[in-house]
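Student: May we examine this protein by asking what each descriptive word rests on?
Tutor: Certainly; let us set each value against its definition.

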Amino acid sequence: EVWRRYTAAGAPEVAAALASARGAQPAWAARPLRERVAILERFRRLLYEARQEMAGIVVRENGKATVEGLGEVMLVLDLCAFYGKAAPRELAPRTFRSASLAMFRKQITIAQEPVGVMGVIAPWNYPLMLAAGHVLPALVAGNAVLLKPSELTPTTAVRMVELLHAAGVPREVLHVLPGAGAAGAALVASGVDKVFFTGSEATGRLVSAECGRRMIPCVLELGGSDPAIVLEDAPLDVAADGIVFGRFYNAGQTCVAPKRVFVVDAVHDAFVREVSARVNALSVGAATSGAEVGPLIHPTQVAALAVQYDDALARGAQVAARSPVQKDEPGYFPPTVLTGVTEDMKVLREETFGPVLPIVRVRDADDAVRRANASTFGLSASIWTRDRRRGVAIAHRLQAGSVMLNDVLLAAGIAEVPHGGVKSSGMGRSHGVAGLLECVQSKAIITERFPGIRQLWWYRYTPDLARGFDAFLRLAHGRSPADRLAGLVGVRRLLRRK
């Protein structure tokens with residue numbers, strides 16, 4: 001059904017927004033940081049007051065359960081609180097003396113300056129949290145922002161931007177540009193100073209190539225095929241609860257969901273029974289019905305998932321559990337557990353963005369790590385064990401941007417934790433201090449404490465200068481007291497050089 005209509009932004013609209021943002025950004029950056037932090041705090045208060053409205057918009061556009069819409073609001077409120085405290089600390093200039101003896105006359109200041117105008121291309125699966133995760137630190141750091149939301153969830157972005165404007169962000173500093181792929185392409189090619197993109201690997205590669213051609217930086221979060229490793233000492237009831245929640249939250253449309261579960265042989269069958277009982281009990285349907293698992297974002301997502309599901313069955317996988325669906329509509333795919341899954345199946349080789357959970361029997365932890373690292377993705381992972389020390393040791397062996405022990409999803413939702421991946425899961429980070437520093441560029445300002453005195457190593461080069469310079473190296477880096485003492489004698493001669 002048609003809910004709202006938007007005019008898609010094209011190249012002219014993007015160019016106009018960029019010109020507006022480019023003109024307004026210097027004044028925004030010149031405002032004291034405390035003022036931008038105060039605006040962020042006002043936005044936090046406004047969002048809190050509008051939390052039910054905002055969650056309702058997310059639910060209406062995305063289809064997720066009401067509690068999950070409120071969860072997005074909570075995560076954005078957390079981001080506001082974190083950046084309100086972190087920005088004054090992390091963005092303040094640092095002044096210090098060099099550790100080099102040769103540079104003792106220098107005073108060094110490292111300033112963090114805004115990049116300029118940021119382009120943010122946000123996805124539909126977490127339309128509020130993933131947009132805010134880039135927009136908020138960019139704004140508080142003094143940048144202007146052009147936000148292109150998904151064409152499937154534009155109203156969430158529009159309402160968020162309205163609240164930011166109401167909080168005090170100038171309209172010229174923050175623009176929202178609805179549209180589909182053409183609008184995103186126009187934004188990347190428009191002349192912005194940096195691009196933040198969250199989406200598919202295929203589109204991310206195109207964005208990266210265009211940014212490289214234009215010599216501008218980009219941050220890419222391109223999804224994942226996150227492994228969950230269940231060890232023989234895991235609390236199986238807790239592991240089953242957590243993995244079922246993580247896999248089917250937001251109808252399985254979560255980048256950091258556990259998408260491949262590797263279970264040690266000794267507890268495999270018991271774990272499958274625990275998971276199957278929980279999946280068979282899930283309620284599936286519209287958010288308005290109070291269901292736990294809602295529809296997928298679009299029928300095309302259902303079709304893509306069905307291809308992976310049919311491929312697994314054709315290659316010998318078995319269905320261990322499948323939730324009943326309240327409505328037989330094209331937007332729904334029943335939460336499904338597959339066993340007997342092998343590495344040649346699409347559900348292990350590709351990202352599975354929907355409610356299908358493949359479980360793989362492995363010999364031991366080493367086998368699980370090998371299989372987990374075999375993926376081209378490396379976003380997040382989880383390990384389920386009662387032995388914290390062993391779990392941490394295994395975490396260091398996994399090729400992933402984050403690893404959770406005995407929990408799921410929250411690595412992408414804790415404001416202080418940098419979120420991002422390795423390999424085909426992208427580059428750069430959002431959230432945490434790392435996400436804030438993606439929104440600035442460091443500038444070093446080096447001042448001379450004695451401007452009336454020339455440097456000893458300036459022209460002219462003479463044999464005395466070469467000998468004196470070698471003496472200085474002996475003084476600064478000699479391996480013995482005698483070596484350094486000899487160097488000191490030579491440096492004294494150098495100081496007498498005219």
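Tutor: We begin with a definition: two residues are in contact when heavy atoms lie within 4.5 Å. Please keep in mind throughout that the model is predicted.

Student: With which residues is Phe 271 in contact, leaving aside its neighbours within four places in sequence?
Tutor: On that definition, Phe 271 is in contact with Val 230, Leu 236, Ala 239, Ala 240, Ile 243, Val 261, Val 263 and Ile 359. Phe 271 itself belongs to helix α10, residues 265-280. Of these partners, Ala 239 is 32 residues away from Phe 271 in sequence, while their C-alpha atoms are 8.3 Å apart in space.

Student: Why is Phe 271 called buried?
Tutor: A residue counts as buried under 20% relative accessible area. Phe 271 has 0% relative accessibility, so it is buried.

Student: What makes His 134 buried?
Tutor: The relative accessible area of His 134 is 6%. The cut-off is 20% and the value must lie under it, so His 134 is buried. This residue sits in helix α5, residues 129-140. Beyond its neighbours within four places in sequence, His 134 is in contact with Val 120, Phe 196, Thr 198, Val 219, Ser 430 and Cys 439.

Student: Why is helix α13 described as largely enclosed by the rest of the structure?
Tutor: Helix α13 spans residues 365-373, and 7 of its 9 residues are buried, so the description follows. The buried residues of α13 are Ala 365, Asp 367, Ala 368, Val 369, Arg 371, Ala 372 and Asn 373. Their cover includes β8 (226-230), β9 (258-264), β12 (356-362), α14 (388-395) and β16 (422-423).

Student: What makes β12 mostly covered?
Tutor: In β12, 6 of the 7 residues are buried. This strand also has paired neighbours: β9 runs parallel to β12 and is joined to it by 4 bridges, with Val 263 opposite Arg 361. Strand β11, residues 336-339, likewise runs parallel to β12 and is joined to it by 3 bridges, with Val 337 opposite Leu 357.

Student: How do we know that β9 and β12 pair?
Tutor: Pairing requires at least two bridges between the strands. There are 4 bridges between β9 and β12, and the requirement is met.

Student: Why are β5 and β17 said to stand at the edges of their sheet?
Tutor: The sheet is open and has 6 strands in the order β5-β4-β3-β6-β7-β17, with mixed pairing. β5 (174-176) and β17 (426-427) each have a single partner strand, so one side of each is left without a neighbour in the sheet. Within this sheet, β3 (residues 117-121) pairs with β6 (residues 194-198) in the parallel sense over 4 bridges, and Ile 121 stands opposite Phe 197.

Student: Which helices lie across β3 and β4?
Tutor: Helix α1, residues 11-30, lies across β3, β4 (144-148) and β5, at about 155 degrees to β4. Helix α7, residues 181-188, lies across β3, β4 and β6, at about 155 degrees to β3.

Student: Why is α2 called roughly antiparallel to α4?
Tutor: Helix α2, residues 33-49, packs against α4 at an angle of about 165 degrees, with the axes 10 Å apart. Angles over 145 degrees count as roughly antiparallel, so α2 receives that name with respect to α4. Their crossing is left-handed. The residues that meet include Leu 33, Val 37 and Leu 40 in α2, and Val 73, Val 76 and Leu 77 in α4. By class, this contact has 14 nonpolar, 1 polar and 1 charged residues.

Student: What makes α3 oblique to α4?
Tutor: The axes of α3 (residues 51-62) and α4 (residues 66-90) come within 8 Å and cross at roughly 120 degrees. Roughly perpendicular covers 65 to 115 degrees, and roughly antiparallel begins over 145; the angle fits neither range, so α3 is oblique to α4. The crossing of these two helices is right-handed. Among the residues making the contact are Arg 51, Gln 52 and Met 54 of α3, and Thr 66, Gly 69 and Leu 70 of α4. The contact of α3 with α4 comprises 6 nonpolar, 3 polar and 2 charged residues.

Key: Residues numbered from 1 in each chain as written. Predicted model: local features only at pLDDT ≥ 70, side-chain atom pairs only at ≥ 80, totals over all residues. Heavy atoms only, no water. Axes fitted to C-alpha atoms, helices over the stretch in contact; angles between N-to-C directions. Parallel < 35°, antiparallel > 145°, perpendicular 65-115°, else oblique. Left-handed = near helix turned anticlockwise from the far one by under 90°. Nonpolar A, V, L, I, M, F, W, Y, C, P; charged D, E, K, R; others polar. Buried < 20%, exposed > 50% of the residue type's maximum accessible area, 1.4 Å probe, protein only.
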